[in-house]
Amino acid sequence: MSKVILCIPPDYDYNFPPLGTPVLLGFLKSKGIKAGQVDLNLAYRDFLLSKIKGKGLTAGDKKLLLRRLVNDFFTQRLKGHYYSQLLPRRRGKALADLPYGNSSNSSFYFTERLLSSKYLFRYLADKENNTFYQFYLAERIITRLKKDKIDLIGISVISPSQAIPALTLGLLIKQLLPDVHVNLGGQWVTLFRDELKKRDDFFACFDSLIVFEGETPLYALVDAWRGSKKALPPLANVITQKNKKPLLNPRGEDINALATPDFSGLPLNRYDSSKVTPHLTYETSRGCYWSKCAYCVDLPLPKPSYRAKSADRVAAEVKELIKRFGVTDLMMGDPGMAPRQMLEISRALIKNSIKIKWWTMARLDSGFNQKIFATAKQAGLFQVNFGFESACDRVCDFLHKGNRQAISARVIQDCAQSGVRVDLQTMIGMPGETHGDAMETVGFLIENKKDIAAVTFNIFYLTPGNYVYHSPRNYGVSFNKNKVLPFQFFIPFKNKHGMTADQAGFIMNVYHQLLAGANAGTSVSKDRRKRFGKVSFSLCGESIGIKWEKYASGNIVIK
Ligand code: B12
Ligand code: SF4
């Protein structure tokens, strides 16, 4: 009997199993489809780790050194190849403000440039240089697909860093197993759907794309593909070369009618957060009940509607996840958990005596109070990552964030005093944000230091699919649309009434120095030296070496 396989391609987060394929797998199985899933992302990291050689290296040391080795390898070693000018360079201008990524062949920088370059197809099929191609050969992917009688593969492309690996895999399958239907879905496909539709040549790498939420469209595709093979009828949210105007279903799924996410087939104990027991991802809602932030990067336009799972359903599903997968910790990846949802699911978890630790993301909403956090704490909540961004009311109003400084301070205090860790997502350099506004944020963070366990700073970057991108003038932002690459995720812009990215970086340093002043005392130099080593890293017939020192505390210093 034929089988569907869902796959997570490199290069993505290693901390948790992404939730996309487990929710799809659960859904397909509930409809009687034989299906499985495979994480090629963790396997690719193992492939890279196997290229590191050095005396006395532990598996943990290799993981710590990998990012530096990969960056050095791609920025310094790979010169003079036909694709070299598309790689970010360490001393080149572009690298300085490259957010979120390594500098390798999965970087957003390389991806955006390669996708628009004449070298794309040469690179996708390049055995000598494309490390993803080499990895798929080493993994014997084609043999495995044949052996498992796979007739449809669904590749989940969440981040731009997975685009080149996904297209490499798709092309390889289309060339060697033309009867297997290759489908691409996920956040990246959805965000760049209009650009993808313009590229007929990309259909050499896949047969169809699915945009927005994937459950019903994927099931319909499997059914139609098995029934009709070559002549697929038009299907909602499914794009094929012949039918590029899918019947869009913008509403999204009825999330109370979906199956419990199914994590079977994923190496649950191997994710970095799963040190002893499995830590999984889960969602209690989809969409955002606020949906107004002008810069929102999580939910590109058109916004899906907000839908919350009933508390009883959440309790039943968590119970099932514990029973089936032995999960002890959950990352509830809701874009923003509403106060009421937090209270209701907490009550349901307590009522059902469910033992689970969890953390989530939320707004600094006036609806939160000590009672809610205390109940949630009792139900296992240990951390909330709040979308704080700025302490300045003017900036928050300008970007329709809805935060008020006084309320933020109160919610942070209520949360911390209930014993729940507060992690504040903070952004500097937002449209219209002046130096003075940003210093107000720094002042707020220092003032409320005792209640804030962590601050995650980001420099604001313009991304496609939000209100600032669509109406830049309204936000005092300008950028040259003609200079934006079709698949560009981070777009350079002018902040007419606010700071530049460099100035924003300076403010971040000010904050870190003020905070370091308060926490001074621990320094690597006082740490007892343990050992010193040399490491080599070889890929694509080239090799790079670094020297490093490891200290008793586990700190690693690269020379
Ligand atoms: C939780 C989260 C994280 C977590 C956990 C990651 C993990 N391991 O799961 C953390 C904090 C670690 C993280 C990190 C990053 N993330 Co993140 N993350 C999210 C978030 C908020 C939720 C993801 C989620 O669980 N969704 C729930 C699942 C069920 O939805 P889904 O994946 O979209 O799947 C549905 C559909 O897309 C579709 N689908 C998915 N796969 C497939 C496959 C097929 C074949 C089909 C048919 C359909 C399909 O069907 C699914 C069910 O309906 C999203 C935003 C969002 N609202 O989704 C950003 C998001 C995915 N992250 C993003 C990015 C860029 C990153 C980072 C690179 C940087 C960052 N912005 O923080 C890093 C990557 C780190 C790394 N080392 O690689 C981007 C991706 C950009 C894009 N669209 O191209 C998003 C969309 C947010 C954003 N715009 O910045 N992230
Ligand atoms: S609260 Fe978060 S998910 Fe909701 S609109 Fe604002 S940024 Fe987007």
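**Two ligands and a domain interface**

Four elements, α1 (20-30), β4 (150-156), β5 (181-185) and α9, each give two or more residues to the shell around ligand 1. That is a handy place to enter this structure, which is a predicted model. The shell as a whole counts 34 residues, and the closest of them are Asp13, Ser156, Gln187, Glu215 and Val297. Sorted by class, these surroundings comprise 19 nonpolar, nine polar and six charged residues.

A few atom-level distances fill in the picture around ligand 1. In the side chain of Ser156, an N or O atom sits 2.6 Å from a nitrogen atom of the ligand. With Val297 it is the backbone that takes part: one of its N or O atoms lies 2.4 Å from a nitrogen atom of ligand 1. Asp298 also uses a backbone N or O atom, here at 3.4 Å from a nitrogen atom of the ligand.

So where does ligand 1 sit relative to the domains? It lies between domain 1 (3-240) and domain 2 (276-518), because both of them give residues to its shell. The chain also has a domain 3, covering 526-558.

Turning to how domains 1 and 2 meet, their centres, taken over C-alpha atoms, are 28 Å apart. The contact involves 24 residues of domain 1 and 24 residues of domain 2. Between them the two domains bury about 2,200 Å², with 67% of that area on carbon and sulfur atoms. On the domain 1 side, the residues that lose the most area to domain 2 are Phe16, Glu112 and Leu191, which together make up 26% of what that side buries.

Charged and polar pairs also cross this boundary. Three salt bridges are found across the interface of domain 1 and domain 2, along with five residue pairs in polar contact. The elements giving two or more residues to the side of domain 1 that touches domain 2 are α4 (108-115), α9 (187-191) and α10 (193-198). Of the residues on that side, α4 brings the largest share, with four. In terms of class, the domain 1 side has 16 nonpolar, two polar and six charged residues. As for individual salt bridges in the model, one joins the side chains of Arg286 and Glu215, with 2.8 Å from N to O. Glu215 has already come up as one of the closest residues to ligand 1.

Ligand 2 has its own set of neighbours. Around it are Cys288, Ser291, Lys292, Cys293, Cys296, Pro335, Arg363 and Lys401. By class, this shell divides into four nonpolar residues, one polar and three charged.

Finally, the backbone holds a few details worth a look. Pro10 and Asp11 are joined by a cis peptide bond, with omega at about 5°, and Asp11 belongs to the loop between β1 (3-8) and α1. Another cis peptide bond runs from Leu301 to Pro302, where omega is near -5°. Pro302 is placed in the loop between β9 (285-286) and β10 (307-308). Then there is Arg140, which is not a glycine yet has a positive phi of about 55°. Arg140 sits in the loop between α6 (131-138) and α7 (141-147).

Definitions and conventions. Residues are numbered from 1 along each chain as its sequence is written. Chains are lettered from A and ligands numbered from 1 in the order in which they are written. This is a predicted model: local features need pLDDT of at least 70, side-chain atom pairs count only at pLDDT 80 or more; totals for chains, interfaces and linings use all residues. Side-chain values use heavy atoms; hydrogens and water are left out. Domain bounds come from an automatic or database domain assignment. Contact means heavy atoms within 4.5 Å. Buried area is the accessible area (1.4 Å probe) that two parts lose on being put together, summed over both. A salt bridge is a side-chain nitrogen of Lys or Arg within 4 Å of a carboxyl oxygen of Asp or Glu. A polar contact is a pair of N or O atoms within 3.5 Å; within protein, one must be able to donate a hydrogen and the other to accept it, and residues adjacent in sequence count only if both atoms are side-chain atoms. Ala, Val, Leu, Ile, Met, Phe, Trp, Tyr, Cys and Pro count as nonpolar, Asp, Glu, Lys and Arg as charged, and the others, Gly among them, as polar. A residue is near a molecule or strand if one of its heavy atoms lies within 4 Å of it.
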